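Me: I would like to understand how the words used for a protein structure follow from values and cut-offs. Could we go through it in questions and replies?

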Amino acid sequence: MLEITVRTENDETHPRPGAEALAGLVRRIGERKDRFLVVGRLPDEPGVYVQVWHEEGGEYTLEYRDGGPDRHFQVLLDEPEPVIAAMTAWARREPGWGEGFAWEALELG
């Protein structure tokens, strides 16, 4: 079990999923009304989360926020596997979980 809660676009909530369940949710997204996941830690840390957006046939937009709006970053990925690896490592609080990605600051306007 991971100490996270996963929320989906279609209003599902998955508290404390295992790594395989999280992987299944990432692989599942892409269809209309099921295109994103928002993952928060337990206990909740306001302004700290990781999320992914994917439309069938397109890239995966992986984002994380680590506090305020100036700490919100994104990267585009072609496949679900690196998304799954990053989200799982983030959920496990592994040091260096996001290394190796070309993160860009996200301007929220």
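Reply: What follows is a set of questions on the sheet, the helices and the aromatic rings, each with its reply. The model is predicted, and local features need pLDDT of at least 70, side-chain atom pairs count only at pLDDT 80 or more, while totals for chains, interfaces and linings use all residues. Residues are numbered from 1 along each chain as its sequence is written, and side-chain values use heavy atoms, with hydrogens and water left out.

Me: How do you know which strands β1 pairs with?
Reply: Helices (H or I, at least four residues) and strands (E, at least two) are DSSP runs, numbered from the N terminus, and two strands pair if DSSP finds at least two bridges between them. Strand β1 (residues 4-8) and strand β3 (residues 36-41) have five bridges, in the antiparallel sense, and β1 and strand β2 (residues 13-15) have three, again antiparallel; both counts therefore satisfy the rule of at least two bridges. R7 stands opposite V38 in β3, and its bridge partner in β2 is T13. Between the strands of the β1 and β2 hairpin there are four residues, and D11 takes a positive phi near 70°.

Me: What makes β2 and β7 edge strands?
Reply: The open sheet has seven strands in the order β2-β1-β3-β4-β5-β6-β7, with antiparallel pairing. In this order β2 and β7 each pair on one side only, and they are the edge strands.

Me: Why is T5 called buried or exposed?
Reply: Buried means under 20% relative accessible area, exposed over 50%, and partly exposed in between (1.4 Å probe, protein chains only). T5, which lies in strand β1, has a relative accessible area of 17%, so T5 is buried. Contact means heavy atoms within 4.5 Å, and T5 touches T13, H14, P15, V38, V39, G40 and L42, not counting residues up to four places away in sequence. Of the five residues in β1, four are buried.

Me: Why is T61 buried or exposed by that rule?
Reply: T61 has 15% relative accessibility, so T61 counts as buried. T61 is placed in strand β5, and it touches Q51, V52, W53, Q74, V75 and L76, with residues up to four places away in sequence not counted.

Me: Why is α2 described as largely enclosed?
Reply: Nine of the twelve residues of α2 are buried, so the rest of the structure largely encloses this helix. Among the buried residues are P80, V83, I84 and W90, and what covers the buried residues of α2 includes β1, α1, β3, β4, β5 and β6.

Me: How do you know that the length of α2 fits a helix of twelve residues?
Reply: The expected span of a helix is 1.5 Å times one less than its number of residues. For the twelve residues of α2 the expected span is 16 Å, and the end C-alpha atoms are 16 Å apart, so the two values agree. After α2 comes R93, whose phi is positive, near 60°.

Me: Why is the pair of Y64 and W97 called edge-to-face, stacked or tilted?
Reply: Rings of Phe, Tyr and Trp (its six-membered ring) pair if their centres lie within 6.5 Å; planes under 30 degrees apart count as stacked, over 60 as edge-to-face and the rest as tilted. By this rule there are six aromatic pairs. The ring centres of Y64 and W97 are 5.0 Å apart and the planes stand at 85°, so the pair is edge-to-face. Y64 lies in strand β5 (residues 60-66) and W97 in the loop between α2 (80-91) and β7 (104-105), so the pair ties together parts that are 33 residues apart in sequence. Y64 is buried at a relative accessible area of 14%, and W97 is buried at 18%.

Me: What makes W97 and W103 an edge-to-face pair?
Reply: The distance is 5.8 Å centre to centre and there are 65° between the planes, and the aromatic pair is edge-to-face. Ring pairs link Y64, F73, W97, F101 and W103 into a cluster.
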